[in-house]
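Please study the structure shown below before reading the dialogue. A student and a tutor then discuss it.

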Amino acid sequence: MNHVLRHLDLNLLKTFAVLYEVKSVTETAQRLSLTQPAVSSMLNRLRETFNDPLFIRAQRYMVPTLRAEQLAPQIQNILKNVERLAEPTEFDPATAQLEIKIAATDYSLQTILIPYIAYLRKKAPFIKIAIFSTEDQNTYERLTTGELDFIITAQPHAQLHTHHLFSEHYVCAVHQTHILAKNNQLSIDEFCAAHHLLVSLNGDAFWGISDEVLKQIAQQRHVAVAIQNFAAVPNLLAVTDLMATLPSRIVKGQSQLKTFTPPIDIPQFEKFLAWHERSHHSLAHIWLRDQLIAMCTSESNQS
């Protein structure tokens, strides 16, 4: 053990951790902003220290040995503990300088993150915020590696910490000039006879959750326009005779729109904030999570 301690430093441990994750010397060098020969040299030192090849070259990636598999969780824990040692004992949002990376859908951006960013600009003006799409299939892996700090998701994940933010329901919306805007209720016949605007992830699908529900009761509607995000919905409703069935928070505060309770039973959906164990005890992340959770709780209580 003394031999190991004499020859080991944090840079070697970080190199091991990244190499174990990405299985590539080239990508490890890119992640750590090092040259490829430098990473190869560190790998040789690791091999000498632990008297094991650790990573065996395969066709397209490096395969960890059994010894590397045993070392990986111990080295990851060491690096986590070192990160905690470097953290401040207090967190001052007014002066804090850090970068936060959040993955979210367009819905979550419009309803949660825009007001959250506005709040942070007042309380923590030096925190940088980057927003990414959750369509990336590696979202959960990116939380593990620290490429993301939080995700806003529709369901909890067994390997992540999660907090339920709110439940969301749907409303039907038309512009105040629409012929149906004078009504107080919307019948299923009026709903099916209307021409609809659909927000679709792929932008060209003319079928959504409302159509699934209608199919179950042998009804159908006409979807005339499909778009990929919610931002253009109010403007489109203002210049057309279209109706949109939307999550209620999307149209909250839109005084130019008239909303109705849908005449069909559309299932509600949930929103959760999720984060990885690696940032669970960070004072900065605790404060950031608490602010977002409190904001969503307040919004829910006002709904």
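The exchange below treats helix packing, sheets and pockets in turn.

Student: What kind of model is this, and how are residues numbered?

Tutor: This is a predicted model, in which local features need pLDDT of at least 70 and side-chain atom pairs count only at pLDDT 80 or more, while totals for chains, interfaces and linings use all residues. Side-chain values use heavy atoms, with hydrogens and water left out, and residues are numbered from 1 along each chain as its sequence is written.

Student: At what angle do helix 2 and helix 4 pack?

Tutor: Helices (H or I, at least four residues) and strands (E, at least two) are DSSP runs numbered from the N terminus. Axes are lines fitted to C-alpha atoms, for helices over the stretch in contact, and angles run from 0 to 180 degrees between N-to-C directions. Helix 2 covers residues 10–22 and helix 4 residues 36–50; their axes lie 10 Å apart, and the packing angle is about 100 degrees.

Student: Is helix 2 roughly parallel or roughly perpendicular to helix 4?

Tutor: Angles under 35 degrees count as roughly parallel, over 145 as roughly antiparallel, 65 to 115 as roughly perpendicular and the rest as oblique. The angle here is about 100 degrees. Helix 2 is therefore, with respect to helix 4, roughly perpendicular.

Student: Which residues of helix 4 make the contact with helix 2?

Tutor: Contact means heavy atoms within 4.5 Å. From helix 2 come Asn-11, Leu-12, Thr-15, Phe-16 and Leu-19, and they meet, in helix 4, Val-39, Met-42, Leu-43, Arg-45 and Leu-46.

Student: How many residues of this contact between helix 2 and helix 4 are nonpolar?

Tutor: Ala, Val, Leu, Ile, Met, Phe, Trp, Tyr, Cys and Pro count as nonpolar, Asp, Glu, Lys and Arg as charged, and the others, Gly among them, as polar. Two residues of the contact of helix 2 with helix 4 are polar and one is charged, and the nonpolar residues number seven.

Student: How are helix 3 and helix 4 arranged?

Tutor: Helix 3 and helix 4 pack at about 110 degrees, with axes 8 Å apart. They are therefore, to each other, roughly perpendicular.

Student: Which strands are the edges of the sheet with the order 4-3-5-12-6?

Tutor: This open sheet has five strands and mixed pairing. Two strands pair if DSSP finds at least two bridges between them. The edge strands each pair on one side only, and they are strand 4 and strand 6.

Student: Which residue is the bridge partner of His-161 in strand 12?

Tutor: Strand 6 and strand 12 pair in the antiparallel sense over seven bridges. The partner of His-161 in strand 12 is Trp-275.

Student: Which strands are the edges of the sheet with the order 9-8-10-7-11?

Tutor: This open sheet of five strands also shows mixed pairing. Each edge strand pairs on one side only; the edges are strand 9 and strand 11.

Student: Which residues lie nearest the centre of the largest pocket?

Tutor: On a 1 Å grid over the protein atoms alone, a pocket is an open set of points where a 1.4 Å probe fits, with protein on both sides within 12 Å along at least five of seven lines; lining residues have an atom within 4 Å of a point. The largest pocket holds about 1,000 Å³ of space, a volume being the space filled by probe spheres set on the points, which are joined across faces, edges and corners. Its lining has 37 residues, and those nearest its centre are Thr-105, Tyr-107, Leu-201, Phe-230 and Lys-271.

Student: Which helix gives the most to the lining of the second largest pocket?

Tutor: The second largest pocket holds about 720 Å³ of space and is lined by 19 residues. Helix 2, helix 3, helix 5 and helix 7 each supply at least two residues of this lining. With six residues, the helix that gives the most is helix 2.
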